Amino acid sequence: MVPTPTHIRRNRIASAAIPVLGFSDWEYDMLDEVLVYPRTFDGSFGYDGTGRAETEGLVGGTGGAFNRVLALSRGDLFRGFRGPGDKANVGIHEFAHLVDKGDGAVDGIPAAMPREAIRPWLELMHRELRRHVRGRSDIPEYAFTNEQEFFAVLSEYFFESPDGLAENHPALHEMLCKAFRQDTLRRLRAAHRAGAAPPRRRQIRRRAGRAHRIPT
Ligand SMILES: [Zn+2]
């Protein structure tokens with residue numbers, strides 16, 4: 001299916017809304033502009049139309065020329081919502097970075113994380129990063145780049161496959177419930193009880209070289 005402008009507008013809104021459904025008064029006040037490129041682009045927000053660049057989504061770094069800008073590749077944004085359960089959604093990933101940035105710093109500690117949960121979250125995150133063995137985790141590899149990517153990739157997992165995250169990594173699921181102030185597993189079960197079909201476990205491989213870099 002070829003995404004229409006309506007699809008893209010809805011996907012963009014959903015990407016922004018889903019991470020903050022649990023907050024009573026959240027504003028993306030660190031965001032002025034969302035750029036949607038026709039294809040992938042480079043890590044400096046450059047676009048030459050060839051598709052050779054590999055960046056699917058990007059949040060501008062604090063203090064840089066693209067601070068307060070978020071960019072997404074149109075096709076990848078669309079595909080993120082076409083594969084429920086595959087733990088991959090670049091729109092949610094990038095807006096999760098903004099939830100992280102809500103306190104001014106993109107550091108893997110989300111702005112709304114309760115104060116008493118910050119230390120346990122850091123300990124848990126650092127333990128996962130330390131003991132990671134390449135190819136041995138069901139958590140997508142890109143999570144193990146650094147703290148901020150760990151939070152953003154886990155956010156994709158949390159919203160796309162809450163049952164899998166809760167089953168395989170209950171402590172991480174519990175922490176993300178605190179970070180986003182919503183329980184995605186409970187929401188998924190309620191949807192199933194209401195008759196929604198369970199997500200198809202489509203195995204969509206991430207493109208090699210997928211990147212969500214935050215320029216510093
Ligand atoms: Zn990222």
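Here are some informal notes on this predicted model, point by point.

1. Overall make-up. The protein has eight helices and three strands. Going along the sequence, the order is α-β-β-β-α-α-α-α-α-α-α, so a helix comes before the strands and the other helices follow them.

2. Size and packing. For 216 residues, a compact globule would come out with a radius of gyration near 17 Å, and the protein has 16 Å, which agrees. The C-alpha trace spans about 45 × 40 × 40 Å along the principal axes. Buried residues account for 35% of the 216 residues. If you take contacts between residues at least 6 apart in sequence, 64% of them join residues at least 24 apart.

3. The sheet. The three strands make an open sheet in the order E1-E3-E2, with mixed pairing. E1 and E2 are the edge strands, each with a single partner, so one side of each has no neighbour in the sheet. On average, neighbouring strands here are turned by 10 degrees against each other, ignoring direction. Helix H3 (residues 90–101) packs on the sheet, where it touches E2 and E3, and its direction makes about 10 degrees with that of E2.

4. Strand pairing in detail. In general, strands of a sheet pair through backbone hydrogen bonds, in either the parallel or the antiparallel sense. Both senses turn up here. E1 (residues 33–37) runs parallel to E3, with five bridges, and in that pair Glu 33 sits opposite Val 69. E2 (residues 57–59) is antiparallel to E3, with three bridges; Val 59 has Leu 70 of E3 as its bridge partner.

5. Strand E3 itself. How covered is E3 (residues 69–73)? Mostly: four of its five residues are buried. In the strand order, E3 stands between E1 and E2.

6. The main core. The largest nonpolar core has 38 residues, and those with the most contacts inside it are Val 153, Leu 154 and Leu 176. The elements giving two or more residues to this core are E2, E3, helix H2 (74–80), H3, H5, H6 and H7. Which element gives the most to it? That is H5, with eight residues.

7. Leu 176 up close. Setting aside its neighbours within four places in sequence, Leu 176 is in contact with Leu 154, Ser 155 and Phe 158. Leu 154 is also listed with Leu 176 among the residues with the most contacts inside the core.

8. Helix H7, and its buried side. The buried residues of H7 (residues 170–180) are Leu 172, His 173, Met 175, Leu 176, Ala 179 and Phe 180. Why do they end up on the same side of H7? They cover an arc of only 160 degrees around the axis, which puts them there. The general background is that an α-helix has 3.6 residues a turn, so residues three or four places apart point the same way. The buried residues of H7 pack against four helices: H4 (115–131), H5 (147–160), H6 (162–168) and H8 (184–193).

9. Just past H7. Arg 181 follows directly after H7, in the loop between H7 and H8. It is not a glycine, yet Arg 181 has a positive phi of about 55 degrees. Arg 181 counts as partly exposed because it has 16 C-beta neighbours inside 10 Å, which falls between the cut-offs of 12 or fewer for exposed and 20 or more for buried.

10. A second positive phi. Arg 68 is another residue other than glycine with a positive phi, this one near 75 degrees. Where is Arg 68 placed? The answer is the loop between E2 and E3. Arg 68 is partly exposed, with 16 C-beta neighbours inside 10 Å. If you go through the backbone torsions by eye, these two arginines are the places to look: Arg 68 and Arg 181.

11. Near the N-terminal helix. Pro 5 lies in helix H1 (residues 5–17). Is Pro 5 buried or exposed? Exposed, because Pro 5 has 9 other C-beta atoms within 10 Å. Pro 5 and Arg 74 are 69 residues apart in sequence, and their C-alpha atoms are 9.6 Å apart in space.

Conventions. Residues are numbered from 1 along each chain as its sequence is written. This is a predicted model: local features need pLDDT of at least 70, side-chain atom pairs count only at pLDDT 80 or more; totals for chains, interfaces and linings use all residues. The arc is that of the directions from the helix axis to the C-beta atoms. Two residues are in contact if their C-beta atoms, placed from the backbone, lie within 7 Å. The radius of gyration is taken over C-alpha atoms; the globule rule is 2.2 Å times the number of residues to the power 0.38. Two strands pair if DSSP finds at least two bridges between them. Axes are lines fitted to C-alpha atoms, for helices over the stretch in contact, and angles run from 0 to 180 degrees between N-to-C directions. A nonpolar core is a set of buried Ala, Val, Leu, Ile, Met, Phe, Trp, Tyr and Cys residues joined through C-beta atoms within 7 Å.
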